[in-house]
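Here are a few exercises to help you find your way around a new structure. Have a go at each task before you read its solution.

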Amino acid sequence: PRGSLRAHEAACPQVPTSCVAGGGGCRWTGAREERDAHEATCVWAAVKVQVGPLRERLDAAEVQIRELKASDKEHERLQLEMLCSAVTLGDTYMVSRLLRRTGTSVDA
């Protein structure tokens, strides 16, 4: 039956495979049954074990940085909106305060 070919390929020890560190520098390919023995001595596989958690931390930090930048942009937008409202209302105290807070210079 056709379905048994897929089951065979999923379990066959002779299926060609690559090292777990194939995307990280190792170019070894071989039979599935030889993979564990290769990876036990592969420098690239050992490096991947060490670098993997660091990569995850870096990825999480990059997401956090993007979120903080977006939050900062929203904060700047709200400050500008407040400044425009203060100008419209003629609230010179608030205009002055917001200009100082945003570091905006005004030429006379």
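**Exercise 1. Find out which residues of α3 and α4 meet, and how the two helices are arranged.**

Step 1: list the contacts. On the α3 side you have Gln 79, Met 82, Leu 83, Ala 86 and Val 87, and these meet Met 94, Val 95, Leu 98, Leu 99, Arg 101 and Thr 102 of α4. Keep in mind that you're looking at a predicted model.

Step 2: look at the axes. Two packed helices are described by the angle between their axes and the distance between the axes. Here the axes of α3 and α4 come within 9 Å and cross at roughly 155°. An angle over 145° counts as roughly antiparallel, so that is how α3 runs relative to α4.

Step 3: add the handedness. The α3 and α4 crossing is left-handed.

Step 4: zoom in on one residue of the contact. Gln 79 sits in helix α3, and with a relative accessibility of 12% it counts as buried. Skip its neighbours within four places in sequence, and Gln 79 is in contact with Leu 98, Arg 101 and Thr 102.

**Exercise 2. Work out which residues of α4 are buried and which are exposed.**

Step 1: pick out the buried ones. Helix α4 covers residues 92-102, and its buried residues are Val 95, Leu 98 and Leu 99. Because they cover an arc of only 100° around the axis, these three lie on the same side of α4.

Step 2: recall some helix geometry. An α-helix has 3.6 residues a turn, so residues three or four places apart point the same way.

Step 3: turn to the other side of α4. There you'll find Tyr 93, Arg 100 and Arg 101, which are exposed.

Step 4: ask what lies over the buried side. The cover on the buried residues of α4 includes α3, residues 43-89.

Step 5: place one more residue. Ser 96 is also in helix α4, and its relative accessible area of 32% makes it partly exposed.

Step 6: see what comes next in the chain. Gly 103 follows α4, and its phi is positive, near 75°.

**Exercise 3. Decide how many disulfides the structure has, and describe the surroundings of Cys 19.**

Step 1: search for disulfides. Going through the whole structure turns up zero of them. For Cys 19, the nearest cysteine sulfur is that of Cys 26, 3.8 Å away. A disulfide needs the two sulfurs within 2.5 Å, so Cys 19 is in none.

Step 2: check how accessible the cysteines are. Cys 19 has 4% relative accessibility and counts as buried, while Cys 84 is partly exposed at 45%.

Step 3: look at His 38, which is in helix α2, residues 32-41. His 38 is buried, with a relative accessible area of 15%. Not counting residues up to four places away in sequence, His 38 touches Cys 19, Cys 26 and Trp 28.

Step 4: look at Ala 45, in helix α3. Ala 45 counts as buried at 6% relative accessibility. Leave out neighbours within four places in sequence, and the contacts of Ala 45 are Cys 19, Val 20, Ala 21 and Glu 39.

**Exercise 4. Compare separation in sequence with separation in space for two pairs of residues.**

Step 1: take Ser 96 and Arg 77. They are 19 residues apart in sequence, and their C-alpha atoms are 17 Å apart.

Step 2: take Ala 45 and Ile 65. This pair is 20 residues apart in sequence and 30 Å apart in space, again C-alpha to C-alpha.

How values were computed
Residues numbered from 1 in each chain as written. Predicted model: local features only at pLDDT ≥ 70, side-chain atom pairs only at ≥ 80, totals over all residues. Heavy atoms only, no water. Buried < 20%, exposed > 50% of the residue type's maximum accessible area, 1.4 Å probe, protein only. Helix = DSSP H or I, 4+ residues; strand = E, 2+ residues; numbered from the N terminus. Arc of directions from axis to C-beta. Contact = heavy atoms within 4.5 Å. Axes fitted to C-alpha atoms, helices over the stretch in contact; angles between N-to-C directions. Parallel < 35°, antiparallel > 145°, perpendicular 65-115°, else oblique. Left-handed = near helix turned anticlockwise from the far one by under 90°.
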